[in-house]
Each structure stands twice: as C-alpha cells, then as structure tokens.
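Biologist: Please take me closely through one part of this model, the second largest pocket, and then set it beside the other spaces in the structure. Which residues line the second largest pocket?

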Amino acid sequence: MESKTKKIHDLVVIGAGPAGLCASIYASRYKVDHIVIGEEIGGQVVEASEIENWPGEKLITGKNLMDKFVEQTKDLGGKIIQSSVEKVEKTNDGFTIYAGGNKYNSRTVIFALGMKPRKMNVPGEDKFMGKGISYCATCDATFFKGKKVAVVGGGDAAAMAAVHLSDFADKIYILRRKEITWNPARQEELEKNPKIELVLSESIKEVKGGERVSGVICECDGKEEEMDIEGLFIEIGSVPGVTIVKELGVEVDEQNYIKVNQNQETNIGGVWAAGDATTGSNKFRQIITAAAEGAVAAGSVYKKLKL
Ligand code: NDP
C-alpha cells in the first residue's frame with residue numbers, strides 16, 4: 001500500500017479521459033511528480049465509433065484515439081492506475097485519495113472526472129439495465145443482431161448509436177423530441193438508412209418486460225402506445241459525476257458542473273478541475289476542450305508548486 005511509504009506526490013490526477021491524460025502529459029513535461037487514477041482508461045470517448053474533429057486524425061475510432069493518448073502519457077513518464085476513487089480528504093500536507101483499498105497522498109489534485117450518462121428516471125429503467133437497456137451502443141450493439149430496438153435521444157450520440165446499431169439490428173426506432181440537436185449533416189444519413197425510423201416522442205413513460213425488455217410505453221407521434229422492442233439504448237446526454245468533489249467542499253453550479261476560474265482552479269486551494277464536468281470552455285464539451293483544460297490545469301499546478 002503506497003501510504004506506508006508516506007510518499008507525497010506533487011499531483012494526483014483523478015480521471016483518465018482526455019482531460020486527465022493531457023494533464024499528465026503536461027505535468028510530465030513540467031517534471032511535476034504525479035500519478036493518474038482513473039476507472040475507465042480513455043473515458044467516455046472510447047465508446048465513440050468515429051471521431052473526425054480531432055486535428056491530425058481525419059477519421060479515427062474513440063478507442064484508437066485514446067490508445068494513442070495513453071501511449072503518449074506513459075511514454076512521457078505518466079503512471080496510470082486503473083481504479084475508482086472512493087473519497088478525497090483534506091490533510092495538513094494536502095490531500096489523501098482513497099482508491100481501490102489504497103491511499104495516495106498528494107499536495108494537489110486535478111479532478112478530471114468527466115460525465116456519466118443521463119438517466120430517464122422512468123419505471124423499468126433500473127430493473128432492465130443490462131437486460132435490454134444500454135447506455136453504450138458501441139459496447140452492446142452486437143448483442144442485438146436481427147432484433148428490433150429503439151434509441152432515445154435527439155443529439156449526435158443518439159444519431160451515431162442508431163447508425164452503428166443498423167450494422168446489427170433489423171429495425172431501429174429513434175425516439176426523439178421535437179427539437180433535435182444532432183449535426184444537420186446526419187439527418188440525410190438517418191433518413192436514407194432503410195432500417196432506421198424517426199419517431200417523434202415527447203416522453204417515455206415506462207420500460208416493460210419480464211426477464212428482459214419487451215417494450216416501451218411512450219407518447220409517440222402524439223398518442224400513448226406500447227412499442228414492441230427487445231433493446232433500448234438511452235442516449236440523452238450526460239451529467240457531471242461529482243459526488244466525491246462535492247464531499248470535499250468544491251463549489252458546483254446549479255447543474256452540478258464544477259466551478260473553475262481561467263486557471264481551472266476551484267474554490268478549494270490545491271484543487272483544480274478539468275474537462276466536461278467543469279464550467280470551463282463555455283461548457284462546450286468536446287475532446288479538444290477537455291484536453292486543453294487538462295493542459296491549463298497542469299500548467300497552473302506547476303506554477304503554484306514551483307514558482
Ligand atoms: P445532447 O445534449 O446533444 O442531446 C441530448 C438529446 O437527448 C437532446 O435531443 C434532448 O432533448 C434529449 N433528451 C434529454 N433528456 C431526455 C429525456 N428524458 N427523454 C428523451 N430525450 C431526452 O447529448 P449527446 O450525448 O448527443 O451529445 C453531447 C455532446 O457530445 C454534444 O456536444 C455532441 O455534439 C457531442 N458529440 C459529438 C459526437 C461527434 O461525432 N462529434 C458524437 C457524440 C456526441 P431536449 O433538448 O428536448 O432535452
């Protein structure tokens with residue numbers, strides 16, 4: 001257990017998505033002694049089937065892009081520990097981070113926690129999680145070969161999930177609200193796909209089934225109906241995962257985003273935050289902005305520690 005050596009790192013980065021890994025890359029270049037602790041190496045990006053807005057890569061899968069981030073992080077000396085962080089405590093010297101039964105001590109912390117999928121909060125959603133309900137088409141589409149499924153949502157994630165699912169499922173309904181937010185360029189691709197049908201659905205009432213999902217009750221095309229499906233993919237955006245941050249007294253806004261200044265500093269001395277879960281970058285939640293926030297945070301930590 002690392003704490004027995006009483007080692008105190010200069011920095012612990014919590015989260016191993018684009019923000020956390022870029023914070024590590026910059027910390028390594030500044031020779032700031034640090035480790036990265038993250039539950040999902042690569043973060044949510046690994047689920048993206050295609051990315052074409054990361055400069056230098058015309059088209060790449062999320063997994064391949066994040067593998068490159070990880071390789072570069074490690075090559076520069078960053079140590080990545082795969083574990084979920086249970087708690088962060090303030091101490092006299094800085095902070096103690098509790099993760100996977102170990103304790104890590106650090107003078108400073110960068111929270112780069114990313115987001116978690118937004119839930120619909122309707123009856124049946126928890127019950128059928130993993131039994132027909134999924135928040136990740138890239139991970140689970142293959143289990144729905146030849147089946148009839150629905151995707152809830154009207155953003156880029158929902159559109160991409162439906163297109164990906166069409167390689168496996170026989171029929172995909174997109175249950176979308178009136179206002180859609182996916183890139184207009186996707187509309188034609190969706191309309192041309194013979195397996196995909198767009199359905200106006202202002203609300204989902206309940207997910208039905210026995211052992212597994214068998215249908216969904218929705219307000220679809222203006223009337224309440226039960227739609228027979230065997231899979232339901234929920235792609236309705238994300239919310240910040242900030243429980244451990246709030247426990248430390250870090251301020252969040254009314255939507256639970258971590259409040260940061262232009263240096264990515266929070267209201268607690270020694271605590272920075274970067275990436276999708278912050279109020280930074282005008283809340284424009286992209287890989288490039290998360291990466292940039294990680295770099296700014298690491299640069300700011302360096303200035304605080306060394307100057
Ligand atoms: P978005 O926030 O863009 O879209 C969420 C969608 O879900 C909206 O249409 C919203 O409708 C709908 N919604 C929200 N709550 C419910 C509910 N309870 N029931 C039904 N529908 C609901 O989230 P995304 O995850 O799609 O995208 C997040 C960000 O990531 C965006 O900036 C997007 O551009 C980006 N992204 C980019 C990709 C790329 O390839 N470049 C791929 C995937 C995402 P309403 O507005 O009415 O609430």
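**The second largest pocket and its surroundings**

Modeller: The lining of the second largest pocket divides into seven nonpolar residues, one polar and two charged, where Ala, Val, Leu, Ile, Met, Phe, Trp, Tyr, Cys and Pro count as nonpolar, Asp, Glu, Lys and Arg as charged, and the others, Gly among them, as polar. The model is predicted, with local features needing pLDDT of at least 70 and side-chain atom pairs counting only at pLDDT 80 or more, whereas totals for chains, interfaces and linings use all residues. Residues are numbered from 1 along each chain as its sequence is written, and side-chain values use heavy atoms, leaving out hydrogens and water.

The lining residues are Cys22, Ile25, Tyr26, Trp54, Glu57, Leu65, Lys68, Phe69, Gln72 and Ala291. A pocket here is an open set of points on a 1 Å grid over the protein atoms alone, with protein on both sides within 12 Å along at least five of seven lines, and a lining residue has an atom within 4 Å of a point. The volume of this pocket is about 160 Å³, taken as the space filled by probe spheres set on the points, which are joined across faces, edges and corners. Two elements, α1 (18-29) and α2 (62-75), each give two or more residues to the lining, and the largest share, four residues, comes from α2; helices are DSSP runs of H or I with at least four residues, and strands are E runs of at least two, numbered from the N terminus.

Set beside this pocket, the structure holds one cavity of 30 Å³ or more, a cavity being a set of points where a 1.4 Å probe fits but cannot get out. About 40 Å³ of space lies in this largest cavity, whose lining includes Gly275, Asp276, Lys283, Phe284, Arg285 and Glu293. That lining divides into two nonpolar residues, five polar and four charged.

A ligand is also present, with 14 residues around it, of which Gly154, Asp156, Ala157, Arg177 and Arg186 come nearest; a residue belongs to this set if one of its heavy atoms lies within 4 Å of the ligand. Helix α4 (residues 156-165) gives the most to this shell, with three residues, and the shell divides into four nonpolar, seven polar and three charged residues.

These features sit in a protein chain with seven helices and 16 strands, whose C-alpha atoms fill a box of roughly 65 × 40 × 35 Å along the principal axes.
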